[in-house]
Amino acid sequence: MLLELEKALTQADTPDDAVTTGELADLLGVGDAAIRKRLKKLSKTGRVVPVRVYRESLTGTSRLVWAYRILPEPGDDTGK
């Protein structure tokens, strides 16, 4: 389950190395609630960093939204 999140992050095409719950839900083909549940479990490991990023809204304007960066496991030197 958590590996799914990490794999999805490597596939995410985002300019700022962070993904929204909606972007993750689309990548994994699940609902936003399922993503939030998985992120909550992963956040207990201290590896989830909430950040504000700009995304284009349906009206075409750029606005700040919450997104998440997932830090590598301790001892993982792959850089992502």
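## Loop contacts and helix packing in a predicted model

Leaving aside its neighbours within four places in sequence, Thr14 touches Val19, Glu23 and Arg55. This description rests on a predicted model. Thr14 has its place in the loop between H1 and H2. Its contact partner Arg55 is 41 residues away along the chain, and the C-alpha atoms of Thr14 and Arg55 are separated by 9.7 Å.

Thr20 also lies in a loop, the one between helix H1 (2–11) and H2. Is Thr20 buried or exposed? Thr20 has a relative accessible area of 13%, and because buried means under 20% relative accessible area, Thr20 counts as buried. With neighbours within four places in sequence left aside, the contacts of Thr20 are Arg55, Val65, Trp66 and Ala67. Arg55 is thus a partner of Thr14 and of Thr20.

The two loop residues are set side by side below.

| Residue | Place | Contacts, without neighbours within four places in sequence |
|---|---|---|
| Thr14 | loop between H1 and H2 | Val19, Glu23, Arg55 |
| Thr20 | loop between H1 and H2 | Arg55, Val65, Trp66, Ala67 |

Trp66, a contact of Thr20, also has a charged residue over its ring: Arg52 lies over the face of Trp66, at 4.8 Å from the ring centre. As for pairs between aromatic rings, the structure holds zero.

The loop that holds Thr20 leads from H1 to H2, and H2 in turn packs against H3. Helix H2 covers residues 21–28 and helix H3 residues 32–43. Their axes are 9 Å apart and meet at an angle of about 105 degrees. Angles of 65 to 115 degrees count as roughly perpendicular, so H2 and H3 are roughly perpendicular to each other. On the H2 side, the contact is made by Thr21, Gly22, Leu24, Ala25 and Leu28. On the H3 side, Asp32, Ile35, Arg36, Arg38 and Leu39 take part. Sorted by class, the contact of H2 with H3 has five nonpolar, two polar and three charged residues.

For the protein as a whole, there are three helices and two strands. Read from the N terminus on, the order of elements is α-α-α-β-β. The protein has 80 residues, and 31% of them are buried, Thr20 being one of the buried residues. Among contacts with a separation of 6 or more, 44% join residues 24 or more positions apart. The contact of Thr14 with Arg55, 41 residues apart along the chain, is one example of such a separation.

Conventions:
Residues numbered from 1 in each chain as written. Predicted model: local features only at pLDDT ≥ 70, side-chain atom pairs only at ≥ 80, totals over all residues. Heavy atoms only, no water. Phe/Tyr/Trp six-rings, centres within 6.5 Å; stacked < 30°, edge-to-face > 60°. Lys NZ or Arg CZ within 6 Å of the ring centre and 35° of its normal. Axes fitted to C-alpha atoms, helices over the stretch in contact; angles between N-to-C directions. Parallel < 35°, antiparallel > 145°, perpendicular 65-115°, else oblique. Contact = heavy atoms within 4.5 Å. Nonpolar A, V, L, I, M, F, W, Y, C, P; charged D, E, K, R; others polar. Buried < 20%, exposed > 50% of the residue type's maximum accessible area, 1.4 Å probe, protein only.
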